[in-house]
Protein chains: 2
Amino acid sequence: MLGCSAFIRRHHFFIRSLGCYTNTQTHHHNGMSCVMSGSGLESDALGILRSITPSLDPTKHKGQAGKIAVIGGCREYTGAPYFSAISALKIGADLSHVFCTKDAAPVIKGYSPELIVHPILEESYSVRDEDKRSILDKVLAEVEKWMERFDCLVVGPGLGRDPFLLDCVSNIMKHARQSNVPIVIDGDGLFLVTNCLDLISGYPLAILTPNVNEYKRLVQKVLECEVNDQAASEQLLSLAKRIGGVTILRKGKSDLISDGETVRSVSIYGSPRRCGGQGDILSGSVAVFVSWARQYISTAPKGELITNPTMLGCIAGSALTRKAASIAFDNKRRSTLTSDIIECLGRSLEEICPVN
Amino acid sequence: MLGCSAFIRRHHFFIRSLGCYTNTQTHHHNGMSCVMSGSGLESDALGILRSITPSLDPTKHKGQAGKIAVIGGCREYTGAPYFSAISALKIGADLSHVFCTKDAAPVIKGYSPELIVHPILEESYSVRDEDKRSILDKVLAEVEKWMERFDCLVVGPGLGRDPFLLDCVSNIMKHARQSNVPIVIDGDGLFLVTNCLDLISGYPLAILTPNVNEYKRLVQKVLECEVNDQAASEQLLSLAKRIGGVTILRKGKSDLISDGETVRSVSIYGSPRRCGGQGDILSGSVAVFVSWARQYISTAPKGELITNPTMLGCIAGSALTRKAASIAFDNKRRSTLTSDIIECLGRSLEEICPVN
């Protein structure tokens, strides 16, 4: 627990580092919470994106720009994990893996030869009760071989809700947490953690990216009340704090982001199209930027150790996804699909943060 | 063992044929080794590429421009063998085969109807111990039917490390060697040969294409020391010589190539992106150019029989891959993926070596 003056100092630090220029209002209540409202919440998202994006350097070798893994993809869903994993690559990660069920793997592989797809998860329908223990052990052994190599996991795109599968994924998350690997949680991953908050509670490298319905369930479960849009940022801050300082990116007209210490919004114009799959672009995007933000902060001069890498990663990921959606929509209008937005990630990044 | 004056004669021959123009320094030590350092190492890669690329002639028939086979592709990896095989075709080979496991075949076939994909390899999980011998025999019989027709093998892209699979592949390599078919070895193929050097030791048509980690393991295993970047070319030369005159292409900021007799570098600007799969383009590319270099040398007038075709093939393959990467990166920037580079192979080749 920070003392009041230490908190205000740290808060001002955040304001500077997160690029909060105007109308900053601080509300101090309960001895801890500090929220800004109105336009003061808006982050300098493009500046943050530029800061954390690593330079490209011919002396670097494969893997140094990021190795991402998506846990998701089952008999029913295959598009979501593909969208998430390919977005990570198109933003600049070097390697993008997918861990999915045996049925999903050939399909996901077929979408793109660029992904490394591991067909190791199982759903209940293909497993006898007496084999569950041994299969769980096998799945975990397989994932553990890889875990140390990943800079960030994305858990949830196209995961489905099969109980045995979710049990395996819970164990994978525990392992990732022990290894201090950041975890972006979306889709059915949010269903899982909303029902089992212990998986992420108190883990500062957990990032939740709920849409309106997922956010509603989370608020009901954790705060035992309804969503209050009149005090959206205060409620988000309380929620993130109550889950022990995880970072939450609440998707909406503006994206609102909090780690329980501060709240920021990203309002860059995106697209009015709400086709399925856009959340998967965001999760892959956040995964890359969180990895980069952690690198950036670990190598920044001591005095510049400015803020929480999960906040920075969410802000940058949100900004890039929104800009790409906007470019795609300008071109494809009502016909805009998730794949069209993915095709605009590279150009968006180059416009915000040119290579040279 | 060459005598000293014969060696120097041959060395000067190399300097001419490999297009070494400036600052050539010769160091003569241990009575054998001869290394040039500094810019003197740089080869006239574009000139070599032009020399060995065959003319296109309407009287030629299918197969004369090269028949390549990639041994790789398993349950886990399917992108790598596709990248290698399709690159060979896009550079100008007439036929490109893939020999992979039964699980990988439909996926690789799905990437492109241009490839001939043989689902003949097996991994341990699908084979009972008592069947291993008969399955190995069957695999070998199947591959032997084809072996004589191939101008070059690529062993390793997406091969995986299953012990039974690697056992089969070791036997395929022995057969290729008996048939005097050149073998480009990359990825898990390097894992295999680093642990079993006899497979390639003393085979002048073996070409290894290690990245930074694979090179490190090779140096540790063969030279029993660490990588010495201060004496990179000397160490590479020793390594190639110690493995009995195989050709090694060490990938890096500049690619460094040695057959144990001479060392050359290719520094044409490539791309600072390090997305997975670029090594597969290189292996497919080297396979085609080695085939062409062997044709070129076999038909060149006696006096012009200039140098080792594996060196020429590595230099040309490196140059083309780097140029294609550079064009792709100019266009796609941070978003550049391996597929984007493959799409630039044709234009790169046409710019270096126009059809007319």
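In this predicted model, A:Arg161 is partly exposed, with a relative accessible area of 43%, and its side chain meets that of A:Asp188 in a salt bridge, the distance from N to O being 3.2 Å. A:Asp188, for its part, is buried, at a relative accessible area of 14%, since the cut-off for that word is under 20%. Side chains of opposite charge can pair when their charged atoms come close. A:Asp188 belongs to helix α7 of chain A (residues 188-195), whereas A:Arg161 sits in the loop between β6 (152-155) and α6 (163-178) of chain A, so this pair ties together parts that are 27 residues apart in sequence.

A second salt bridge, this one in chain B, can be followed in the same manner. Here the side chains of B:Asp255 and B:Arg322 meet, again with 3.2 Å from N to O. Because B:Asp255 lies in strand β10 (residues 255-258) of chain B and B:Arg322 in helix α11 (residues 309-332) of chain B, the pair ties together parts that are 67 residues apart in sequence. B:Asp255 is buried, with a relative accessible area of 5%, and B:Arg322 is buried as well, with a value of 11%.

Returning to chain A, the reader can find a salt bridge between the side chains of A:Lys132 and A:Asp129, where N and O are 3.1 Å apart. A:Lys132 counts as partly exposed, at 24% relative accessibility, while A:Asp129 is exposed, with a relative accessible area of 59%. Also in chain A, the residues A:Arg128, A:Glu130 and A:Asp131 are linked in a network of salt bridges. Over all chains, the count of salt bridges comes to 32.

From side chains we can turn to strands, beginning with β3 of chain A, which covers residues 67-71; 4 of its 5 residues are buried, so the strand is largely enclosed by the rest of the structure. β3(A) runs parallel to strand β4 of chain A (residues 95-101), and 5 bridges join the two; within this pairing, A:Ile71 has A:Phe99 in β4(A) as its bridge partner. To get from β3(A) to β4(A), the chain passes through helix α3 of chain A (residues 79-91), and the β-α-β crossover formed in this way is right-handed. β3(A) also pairs with β6(A), in the parallel sense and over 4 bridges, and in that pairing A:Val70 has A:Val154 as its bridge partner.

Further along chain A comes helix α9, made up of residues 232-242, whose buried residues include A:Ala232, A:Leu236, A:Leu239 and A:Ala240. Just after α9(A), A:Gly244 takes a positive phi of about 85°.

Finally, it helps to step back and consider how chain A and chain B are arranged. Two copies of a chain are related by a rotation about an axis and a shift along it. In this model, a turn of 88° and a shift of 0.2 Å along the axis lay chain A on chain B with an RMSD of 0.1 Å, and the two copies are thus related as by a four-fold rotation axis. To place that axis in the structure, the reader can look for A:Gly110, which comes closest to the rotation axis of the residues of chain A, its C-alpha being at 4.8 Å.

Notes
Residues numbered from 1 in each chain as written. Chains lettered and ligands numbered in written order. Predicted model: local features only at pLDDT ≥ 70, side-chain atom pairs only at ≥ 80, totals over all residues. Heavy atoms only, no water. Salt bridge = Lys/Arg side-chain N within 4 Å of Asp/Glu carboxyl O. Buried < 20%, exposed > 50% of the residue type's maximum accessible area, 1.4 Å probe, protein only. Least-squares fit on C-alpha atoms with pLDDT ≥ 70 in both. Pairing = 2+ DSSP bridges. Right-handed = clockwise from strand over helix to strand, strands pointing away.
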